[in-house]
Every structure is written in structure tokens, then in C-alpha cells.
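Student: Could you pick one part of this model and go through it closely with me, then work outward from there? I'd like one connected walk rather than a list.

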Amino acid sequence: MRFWQRGLVLQALRSSWGICRIHRQPPPPPVATWEAISLGKQPIPEYFNFAHDVLDEWSRLEKAGHRPPNPAFWWVNGSGTEIKWTFEELGKQSRKAANVLEHVCGLQPGDRMMLVLPRLPDWWLISVACMRTGVVMIPGVSQLTAKDLKYRLQAARAKSIITSDTLAPQVDAISADCPSLQTKLLVSDTSRPGWINFRELLREASTEHNCVRTKSQDSLAIYFTSGTTGAPKMVEHSQCSYGLGFVASGRRWMALTESDIFWNTTDTGWVKAAWTLFSAWPNGACIFVHELPRVDAKTILNVRKKLTVLGS
């Protein structure tokens, strides 16, 4: 198992053990197909859904013994708490989250949902749940102000938002000015008036869910630009442009395989967080996440050292 990190120490990794590697064995059949589409060597399929066609396929391969027994998702914080999911467990948890979006929030394919969460496992679950339901996810950085939230919710006509205790008061301050906003999901161990507690609902939700059939060109995500030269603008990405567009870069640039660990220190609201998701998981690699409420170089280097030893 090799360890790869994207983010603050990328330059150190470039100099320490190289940025490109050549695989001596061919990738598993589904990865080879996805990579060929990513490189333009095969036509884009009419229908594609990342959760169904990629994640559920890896779950099948995992059950059949065609993937090493390392996790698909591995999360830790600074207090010793750890969460590990195989692709099978990721599938179960994300199907439960999909049922919350559909049956509690009433979201339908094409509806838009804003995700503003720190590095918590819930962000990855909701992201996959959006794919399973055809809901368009709109990630946002955790530093957004009430003004920023209002602008994005209004511009995107988002029907739902999920966030943490920290930003909930700011959402409450502007929600009356966002007529499209119908449901507010809270990731917390406590309750708040006017909010639906996501974790409570997740525990009770069914693991049975039928993934919607999305076309390759259907919208998957919307990101807002930084707004450094004017008002932030919406940039739309399709099921295929993101779901398959990063397979080759994950395979050929970062040389990810089903035996590797990938750590990206980027905030979940930045587009590079999605790049991690869509480059690591198609190649069967494990996504590693440290909660890191604040950037701490010492913590990053210490964790990287442990992971490097583990992967050697």
C-alpha cells in the first residue's frame, strides 16, 4: 500500500519520490474502460452515474476478492476517533443518506443542494447521496459569511442546505431572503429549531435505495468561482465531465491503484476536494481525511510520516 498526499506538501513529494510512475500490471477491466473514456479513446456513454457505475462496481469487485482489504474511506481527527468504510459500507451509508434527501427533504433529480461542511465524513456521504438521487451538489467553503451564503443560495435557487453548528446561525439570518430554500440539514449531535438533524435521520434510514438513472451530460455539481474580480459565477460540471474526467489523471499522473492511500488537505468547498474524489475512487484507492479544523504543518507531517510507514 502506497501513500500519496495532495496539498500543502506536494512539492516535497515531487522531490522525494517522484510524481509519475509506470504501472507494470494493467488496471482492472472497469478502470481500463473508464480511463479510455477519460482519454477520449472510447465514446462517452449516454448514461452514467458515478455512484452506481463506479462505487457500486468497486463494491462488487471488493466482495469478489478482487481488491485488497484496505478501506475506501478513512477519516481521523486529533482526538483518536477513526472511521473506516469499505466500498460496501460506503454504499450502505450513502444509500441511507440518499433516502434522507429523497424522503425527508423531498429532493428530486435536478434539484440543487448546498454543502458547507468542514472535513467530516458526512460531506462525503452527502456528496455520494446527491449522485444517487440526481441532486446537484453545490459545495462551499466553511469561511463563507451570511452575505456569501445568501448570494449563492439565491443565485443557485438551492432547495436545501447542509451545514454544521458553526454556520447554522448565519444561514438562519438570511434564509427568509432565500425563497427557494425549503429544508435545512444540520450535522450535529444537538438539535436546532427549524433544522433537521442529519445524523439522527441517517441512523434510522433504510439501506435500500434505487439509484436514479442519470445521463452523462446531466448536471452533477455547481461550483462558484472565488469572486476576486467581481461577483462569484456558477460553473456547472456534468456527471461524466467529473465522474470520468479525472480517471486518467488519477491513474497516470498520481499512479493510484486499489492498494494506495490518497490524502488531500484541501477544504471541502474547494474544487480540488472533488478532484480527489473523482481521481482516487475510480482507481480503487483509499481516500484519507484528517479533520484538521485548522491547518497545522506539524500535524500534517506527523500523520504523513505514519501513513508513509504504513504504506511502505
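**A close look, starting from one strand**

Tutor: Let's start at Asn-197, which sits in strand S8, a run covering residues 196-197. Keep in mind that this is a predicted model. Asn-197 counts as buried, because its relative accessibility is 8%. Its side chain has a partner, too: it reaches the backbone oxygen of Thr-190 at 2.9 Å.

Now hop over to helix H10, where a side chain meets a backbone oxygen again. H10 spans residues 247-253, and Arg-251 is part of it. A polar atom of the Arg-251 side chain lies 3.4 Å from the backbone oxygen of Leu-256. What about a charged partner for Arg-251? Arg-251 is buried but has no salt bridge, and the nearest side chain of opposite charge belongs to Glu-258, 4.3 Å away. The cut-off for a salt bridge is 4 Å from nitrogen to carboxyl oxygen, so a pair beyond that distance isn't counted.

Look at the neighbours of Arg-251 while you're here. Gly-250 lies in H10 as well, and Gly-250 is buried because its relative accessible area is 0%. If you want a sense of where that puts Gly-250, try His-66: the two are 184 residues apart in sequence, and their C-alpha atoms are 19 Å apart in space.

On the other side of Arg-251 comes Arg-252, and Arg-252 does have a salt bridge, with Glu-35, at 2.6 Å from N to O. That pair links distant parts of the chain, since Arg-252 is in H10 and Glu-35 is in helix H2 (residues 29-38), with their positions 217 residues apart in sequence. How exposed or buried are the two ends of this bridge? Arg-252 is partly exposed, with a relative accessible area of 45%, whereas Glu-35 counts as buried because its relative accessibility is 8%.

Follow the chain out of H10 and you get to Ala-255, in the loop between H10 and strand S11 (261-264). Ala-255 has a positive phi of about 55 degrees even though it isn't a glycine. That's worth a second look, because most residues other than glycine have a negative phi. Ala-255 counts as buried, because its relative accessibility is 0%. There's another positive phi of about 55 degrees at Arg-157, again not a glycine. Arg-157 is in the loop between helix H6 (146-156) and strand S6 (160-164). With a relative accessibility of 62%, Arg-157 counts as exposed.

Back to charged pairs, then. Side chains of opposite charge can pair when their charged atoms come close. A search of the whole structure turns up 13 salt bridges. One of the pairs is Asp-56 with Arg-95, whose closest N and O atoms are 3.8 Å apart. Asp-56 is in helix H3 (residues 50-63) and Arg-95 is in helix H4 (residues 87-104), so this bridge ties together parts 39 residues apart in sequence. Asp-56 counts as partly exposed because its relative accessibility is 21%. And the pair isn't on its own: Asp-56, Arg-95 and Arg-132 are linked in a network of salt bridges.

H3 holds a more local pair as well, so to speak: Glu-57 and Arg-60 are three residues apart in H3, which means about one helical turn separates them. Their closest N and O atoms are 2.6 Å apart in a salt bridge. Arg-60 counts as partly exposed, because its relative accessibility is 46%.

That leaves helix packing, with H4 as a handy way in. How do H4 and H5 pack? The angle is about 65 degrees and the axes are 8 Å apart, so H4 and H5 are roughly perpendicular to each other. Their crossing is right-handed. For a close-up in H5, take Ala-129, which belongs to that helix. Ala-129 counts as buried because its relative accessibility is 0%, and its C-alpha is 4.4 Å from that of Ala-98, although the two are 31 residues apart along the chain.

H5 (residues 121-133) packs with H11 (residues 271-280) too, at an angle of about 70 degrees and with axes 12 Å apart. That makes H5 roughly perpendicular to H11, and this crossing is right-handed as well.

How values were computed
Residues are numbered from 1 along each chain as its sequence is written. This is a predicted model: local features need pLDDT of at least 70, side-chain atom pairs count only at pLDDT 80 or more; totals for chains, interfaces and linings use all residues. Side-chain values use heavy atoms; hydrogens and water are left out. Helices (H or I, at least four residues) and strands (E, at least two) are DSSP runs, numbered from the N terminus. Buried means under 20% relative accessible area, exposed over 50%, partly exposed in between (1.4 Å probe, protein chains only). Lys and Arg count as positive and Asp and Glu as negative; His and the chain ends are not counted. A polar contact is a pair of N or O atoms within 3.5 Å; within protein, one must be able to donate a hydrogen and the other to accept it, and residues adjacent in sequence count only if both atoms are side-chain atoms. Axes are lines fitted to C-alpha atoms, for helices over the stretch in contact, and angles run from 0 to 180 degrees between N-to-C directions. Angles under 35 degrees count as roughly parallel, over 145 as roughly antiparallel, 65 to 115 as roughly perpendicular and the rest as oblique. A crossing is left-handed if the near helix is turned anticlockwise from the far one by less than a right angle, and right-handed if clockwise.
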